[in-house]
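User: Could you take a close look at one part of this model for me? I'd like the cysteines checked, and then a walk around the helix that comes up next.

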Amino acid sequence: MPLVSVCIPTYNRAEKLKRAIHAVMTGSYSNVEIVISDNASSDETAAVCEVLTKLDSRVKYFRHAENQGPTKNFEFARSKAN
């Protein structure tokens, strides 16, 4: 089964992020990696992602110190995918 990378650029969407990751993790295809690129969120996104990375090694979390804008944030996430 080939590896599928799910790239999630995010900004201040902690609750929606939890639902999206849960959907991927509980799907029928298990050979996935989830790459989260946090665009300097000011909500609970960092805390949510830190918990998720400890619970599942398929989750990779990267956080920008400053907002990069949506396009650069997505391109960054894509660059981290295997």
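**Cysteines and helix α1**

Analyst: Searching the whole structure turns up zero disulfides. Keep in mind that this is a predicted model. Why no bond at C7? The closest cysteine sulfur to that of C7 belongs to C49 and sits 14 Å off, which is too far for a bond, given that a disulfide needs the two sulfurs within 2.5 Å. Seen from the other end, C49 is in no disulfide either, with the sulfur of C7 as its nearest cysteine sulfur at 14 Å. As for their surroundings, C7 counts as partly exposed because its relative accessibility is 22%, while C49 counts as buried because its value is 0%.

Now for the helix. Helix α1 covers residues 14-25, twelve residues in all. At 1.5 Å a residue they should span 16 Å, and the end C-alpha atoms are indeed 16 Å apart, so the two values agree. Which residues of α1 are buried? They are A14, L17, I21 and V24. These four take up an arc of only 85 degrees around the axis, so they lie on the same side of α1. Go round to the other side of α1 and you meet E15, K16, R19 and H22, which are exposed.

What covers the buried residues of α1? Among the elements doing so are the strands β1 (4-10), β2 (32-38) and β3 (59-63), along with helix α2 (45-55). To put the helix together: A14, L17, I21 and V24 are the buried residues, and E15, K16, R19 and H22 are exposed on the other side.

Terms used:
Residues are numbered from 1 along each chain as its sequence is written. This is a predicted model: local features need pLDDT of at least 70, side-chain atom pairs count only at pLDDT 80 or more; totals for chains, interfaces and linings use all residues. Side-chain values use heavy atoms; hydrogens and water are left out. Buried means under 20% relative accessible area, exposed over 50%, partly exposed in between (1.4 Å probe, protein chains only). Helices (H or I, at least four residues) and strands (E, at least two) are DSSP runs, numbered from the N terminus. The expected span of a helix is 1.5 Å times one less than its number of residues. The arc is that of the directions from the helix axis to the C-beta atoms. Contact means heavy atoms within 4.5 Å.
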